[in-house]
Every structure is written in structure tokens, then in C-alpha cells.
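Let's take a friendly walk through a protein model, looking at where its nonpolar side chains sit. Have a look at the picture first, then read on.

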Amino acid sequence: MLARAPENQVDPSLRAIRELMDLMGDPQRTVPMIHVTGTNGKTSTARMIERLLREWASAPAGSPARTSPTSASASRSTASRSRPRRSSPRGTTSRRSWRWSIGTAPSLGEPVINYFQVLTAMAFSAFAEAPVDAMVVEVGLGGTWDSTNVADGQVAVITPIAIDHERLLGSTRAAIAGEKAGIIKAGAVAVLGLQEQDAAEVLLHRAGEVGADVAVEGQQIGVLAREVAVGGQVVTVQGLGGVYPDLFLPLHGEHQAHNLACALAAVEAFVGGGRDRLDLDLVRDAVAGMDSPGRLEVVRRSPTVVVDAAHNPAGAEALAGSLEEAFAFSRLVGVVAVLQEKDPLGILEALEPVLDEIVVTRTSSSRSTPPDEPRGGGRGGLRRGPGARGPRPADRPRRRRDPRRARRRPRGRCAGDRFGHHGRRGAHPAGRVVSDPSTDPAAEPVQTARPPRSLRRTFASMVLVGDVFVAGFAALAAKDLTTLPGSQIVIGWLVLTVLGLLAAGMLRSRAGYALGWVEQVLLLLTGVWLPVMWFIGLALAVTWVVLLVKGARADVVTARRLVEEQEWQRTHGG
């Protein structure tokens with residue numbers, strides 16, 4: 001099977017794969033399916049959908065995920081409950097598909113089934129025989145003529161479309177969108193990720209043509225809020241059925257948050273028609289357990305090695321932005337290998353601003369572009385010679401980073417800590433543990449902005465200083481108005497003074513606020529010997545509570561404004 005034509009050598013026809021499916025009894029029609037395509041993000045989105053379905057489903061059969069390209073082996077491309085299927089070359093499914101595929105197509109008289117088509121047929125048969133409750137199927141190439149399109153998905157997800165595979169799909173976004181729109185079937189729900197206008201028009205026209213319902217990111221669904229955290233990000237997503245706040249997603253990059261929005265909408269449409277919100281705890285558990293191998297994946301520490309499968313300029317731009325946002329490397333070397341039909345110039349131009357050095361190499365694939373080839377695929381070639389390696393040219397200085405973003409976040413703390421959340425170390429505001437296991441300081445995620453001064457802490461300090469002065473007043477009054485021994489009055493005054501100053505100096509932790517509460521209670525209790533302190537102590541306690549609440553609210557507003565400002569600066573180059 002591996003010796004057959006690769007998946008990029010295709011004939012724009014479903015005739016052969018349909019004949020094969022017919023011989024196998026049309027197994028693709030026995031299981032409901034979510035179909036996923038797009039230029040970038042479709043694999044991550046498919047894995048997110050599978051994870052959400054697996055959490056939702058109570059049946060032991062589970063929900064399989066079918067992804068492309070193959071990461072390690074044929075069995076790993078068809079996974080049930082996120083585990084690779086056991087290799088069984090003598091099994092019924094493999095034997096049936098193999099015998100037909102190595103022969104000839106009955107009506108055509110010649111071998112036309114390529115590697116990807118055989119793998120698709122085996123996957124559909126395996127899922128039908130398992131059986132499973134749902135299939136999450138990722139398109140291999142395009143959509144209309146892709147072998148997976150012999151099945152009709154109840155939900156069609158189309159992630160952002162960009163220029164890629166120009167030889168096969170076309171040289172414009174509109175042409176590529178036309179190919180990918182083929183997975184939208186009559187009566188289905190189409191979930192559309194963020195698209196350029198020319199691509200969006202084609203997709204919406206297709207949906208209207210076949211009578212499919214549409215959910216568009218930025219309109220019915222979308223990312224409402226997003227914040228970088230240790231080990232990933234905390235996002236709030238608008239789904240078809242409602243809002244899902246404070247979801248910890250252990251993946252880096254803004255694009256992954258948008259992938260999650262599409263995945264949530266797809267599952268909502270699949271299991272309930274998009275009318276009701278999924279259980280929030282279920283969604284949080286599913287999102288916290290998501291992964292996407294080969295997508296900004298840290299495969300080694302000390303030194304840190306990050307692997308990403310970006311294979312076109314749009315994907316490389318997303319990678320570059322995510323590297324700047326989530327990591328603080330003191331020196332970053334990029335090792336790049338590009339296939340022949342890709343755009344190496346566009347990929348390298350997108351990565352160059354964030355890399356100190358670029359090493360151009362090749363993979364073991366026969367389709368890989370040799371480093372010494374004067375021109376690669378796409379619209380340009382590799383501009384460096386054999387063993388292309390070295391520092392950036394003097395006329396292309398590295399993009400200057402905002403110095404505020406170069407500050408390392410203290411290990412074990414999350415992005416929420418800089419906004420005045422005094423929770424557990426390693427926990428984000430929603431309470432889920434997100435501690436960073438990194439041992440390489442150069443690879444620790446960073447804060448996106450300098451922490452603003454906490455008004456909550458400022459107000460607390462003011463009240464505690466006032467407590468110290470009130471304690472002095474109480475000591476002087478007790479000397480004249482009570483019969484307490486002078487030594488006891490001095491000891492009481494020292495205790496209140498030291499406690500107040502100690503609490504004021506520890507307000508960066510929970511302990512400081514705990515001591516502050518003890519200070520308020522002790523001042524109130526001095527009313528036992530000096531009745532006027534009942535009123536003064538109560539007034540101070542009320543002031544303490546009111547100022548803490550107002551300060552915390554002001555900190556949240558300031559933090560949100562700071563995040564919006566930083567986002568604007570990143571977007572507009574300021």
C-alpha cells in the first residue's frame with residue numbers, strides 16, 4: 001500500500017473510490033459524520049471535536065478521529081477514543097480493501113486507487129465494524145474530489161482558507177473555497193471559521209445552493225475573550241447554544257482559540273442542533289485535555305525544541321505570532337524543510353522576523369525540496385545555497401520586541417496572577433491547575449504586558465496604615481480611661497502595630513490579607529476595654545471590605561484595558 005501513488009497525485013473524480021465503497025457495502029453511510037476541511041487548522045479542529053464528543057458520549061464505543069496527514073503510521077491515522085487502532089494486516093477490513101486496491105478498478109481496467117484512498121476505505125470500514133457512534137473525518141486535499149467526500153457529513157466545518165496546493169486547487173482563495181465547499185451537503189450544518197470576503201462569498205453561496213444551515217465565526221459564534229496562561233491560554237467562547245467562560249486550552253496561539261470556537265459549534269450542532277449549550281463542566285474537562293501533536297509541540301527541554309507543521313505562508317505567520325506571544329527565547333534557531341509544491345519563499349519570509357538563524361534542510365520524503373535547489377515550489381525558491389545556515393543578513397534586522405513582553409513570568413504562576421488574583425500557585429482564575437513543567441528559563445511563557453499597579457493592594461495598605469495610627473490612639477486613651485496596667489497597654493499596642501505593618505508588607509500574597517483581617521478583628525475587640533473602639537473598629541472593618549471590593553473591580557477593568565491595548569499594538573505594529 002505504501003508503494004502506491006501518494007495522496008497529492010489525484011484524479012479529480014470520485015468514481016474509483018465510490019466503486020470501492022460499493023463493493024464494501026457503503027460502510028461510510030452507516031455512521032453519522034462531522035466533516036472537516038480548510039487550509040490551516042483542520043487537524044487541530046478535528047482533534048478538538050473528537051475530544052468534545054468523547055467527553056459527551058456515554059456509550060463505550062466512543063468517537064473516532066480521522067486526521068491527515070499521517071503522523072507516524074497508518075493505524076495512527078484512524079483512531080478510536082484517541083488511541084491508534086491495533087495493526088491487523090490479516091484482519092477483515094485490511095484484507096478486503098487490500099485485495100481490491102492492488103487489482104484494477106472493475107469498470108476502468110487500470111489501477112487508480114492511491115494510498116490515501118485505500119486508507120480512507122479502510123477507515124470507513126473499520127469504523128462501521130467497530131462500531132462507533134460518530135466519525136470525525138478530516139479531508140485530505142480540497143473537498144469536492146477528496147476521497148472522504150463519498151460520505152455525507154451532518155456537519156461540515158471549514159477552517160480558514162488560504163493559498164496552498166495551487167497546482168491542484170487553484171491560485172485564488174475563491175477557487176480554493178469552491179473546491180472545499182464541496183463537503184457542504186444538503187440539510188447539513190456548515191460551520192465556517194474566519195474567512196476572507198472572497199472565500200466567504202463562495203462558501204455562503206454553496207450553503208444557500210444546497211439548503212444548509214450556516215454558523216459563521218464572528219457572527220453566531222466566536223472568541224469573546226482570550227488571555228495567555230502558563231501552558232496554554234484561557235479563553236471565553238460564544239457557541240451556538242451559549243457562552244463558555246474561562247476555558248483553559250493547553251495549546252498556544254490565537255489560531256487555536258478560533259479552532260476551539262469552530263469545534264464547539266460543530267459539536268453543538270451535531271448533538272443538539274445548536275439549540276442548547278453543552279454542560280460547562282464537561283466542556284472544561286474536554287478542553288483541558290486537548291492536544292494537537294506537531295502543532296507548536298514542545299518535544300524537548302534544555303534546550304527547548306518546538307515542532308510545528310506549518311506548511312504555507314498563512315500557517316507560518318500564525319506560528320511566528322504564537323512564538324512571540326507564548327515563549328521568550330533568548331536565541332531561536334529555525335530548522336525548516338519544505339515540500340516541492342509549497343511556497344518556501346513565503347514561509348521563510350513569515351518566519352524570518354522571529355528567528356535569529358535559519359537552517360534550511362530537507363526531510364526523507366521524495367517530495368522534499370533540496371536545500372541547494374535554486375528554486376523550490378510555489379512562487380519562489382530557497383534563497384540560500386548548500387547547507388544554508390547562518391545569521392540573519394545585516395539588511396534584515398530582527399523585529400524588535402516590546403521589552404515589556406520579554407519579562408519572564410515567575411514559574412508556577414499564571415497570567416491571572418498579574419491581575420490581582422491571589423489564588424493557588426499554578427492555578428488560573430477558573431481554578432484549573434496550569435503549572436509549567438519547563439526547566440528551561442528561556443522557554444517559559446511570558447506575560448503579555450507589564451503588571452499594572454494593583455489598586456486593591458494600595459487600598460489595603462492605606463487601611464492598615466490607618467490601623468496603626470488608631471492603635472496608637474487607643475493606647476493613649478486606654479492609659480487615661482481604663483484601669484489596665486501600663487505594661488498590658490504597651491504590649492497590646494505593639495501587637496497591633498507590628499501586625500498591621502507586617503500585613504502591609506505581605507499584601508502580594510494571601511498571608512498579607514489574612515493578617516489584615518486579623519488586625520481588623522483585634523481592633524474591634526479592644527472595645528471590650530475601651531467602648532469607643534467598637535465604633536471605630538467597625539468603621540475600619542467596613543472601610544477595609546469596601547475598599548478591597550472596589551480595588552479588585554478596578555484591577556479587573558485595568559487588566560482588560562491593558563490586554564486590549566496590547567492586542568491593538570500587536571495588530572497595528574505599535
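Why does Trp529 count as exposed rather than buried? Its relative accessible area is 51%, and the cut-off for exposed is over 50%, so Trp529 falls on the exposed side. Keep in mind that this is a predicted model. Trp529 lies in the loop that links α15 and α16.

**A nonpolar patch on the surface**

Trp529 has company. Together with Ile491, Val495, Val518, Val521, Leu522, Leu525, Val528, Trp534 and Phe535, Trp529 makes a nonpolar surface patch of about 980 Å². Three helices, α14 (486-505), α15 (510-525) and α16 (532-572), each supply at least two residues of this patch. The biggest giver is α15, with four residues.

**What the record says**

In an unreviewed entry, UniProt lists residues 459-478, 490-509 and 521-547 under "transmembrane region". Here is how two of these spans look in the model:

| Span | Helix | Strand | Distance between end C-alpha atoms |
|---|---|---|---|
| Residues 459-478 | 100% | 0% | 28 Å |
| Residues 490-509 | 80% | 0% | 29 Å |

**Nonpolar residues inside**

Now let's turn to the interior. In soluble globular proteins, nonpolar side chains tend to be buried together. In this model, the largest nonpolar core has 38 residues. Those with the most contacts inside this core are Ile49, Val157, Val191, Leu247, Leu260, Leu264 and Val283. Both strands and helices take part: β1 (33-37), α2 (42-56), β6 (155-158), β7 (189-192), β10 (232-238), β11 (243-249), α9 (254-272) and α10 (280-288) each supply at least two residues of the core. The largest share, ten residues, comes from α9.

Which residues does Val191 touch, leaving aside its neighbours within four places in sequence? Val191 is in contact with Val155, Ala156, Val157, Ile158, Ala215, Ile221, Cys262, Ala265 and Ala266. There is also a second, separate core of 19 residues, and among its members are Leu319, Leu323, Val336 and Val338.

**The whole protein**

Finally, let's step back. The protein has 16 helices and 15 strands. Of its 574 residues, 49% count as buried. Among contacts between residues at least 6 apart in sequence, 71% join residues at least 24 apart. On the outside, the protein exposes about 27,000 Å², and carbon and sulfur atoms supply 55% of that area.

Conventions:
Residues are numbered from 1 along each chain as its sequence is written. This is a predicted model: local features need pLDDT of at least 70, side-chain atom pairs count only at pLDDT 80 or more; totals for chains, interfaces and linings use all residues. Side-chain values use heavy atoms; hydrogens and water are left out. Patches are made of residues with over 30% relative accessible area and no salt bridge: like charges are joined within 9 Å, nonpolar side chains (Val, Leu, Ile, Met, Phe, Trp, Tyr) within 5 Å. Accessible areas come from the Shrake-Rupley method with a 1.4 Å probe; for residues, only the protein chains shown count as cover. A salt bridge is a side-chain nitrogen of Lys or Arg within 4 Å of a carboxyl oxygen of Asp or Glu. Buried means under 20% relative accessible area, exposed over 50%, partly exposed in between (1.4 Å probe, protein chains only). UniProt positions are given in the numbering used here, feature names are shortened, and annotations may be inferred rather than shown by experiment. A nonpolar core is a set of buried Ala, Val, Leu, Ile, Met, Phe, Trp, Tyr and Cys residues joined through side-chain atoms within 4.5 Å. Contact means heavy atoms within 4.5 Å.
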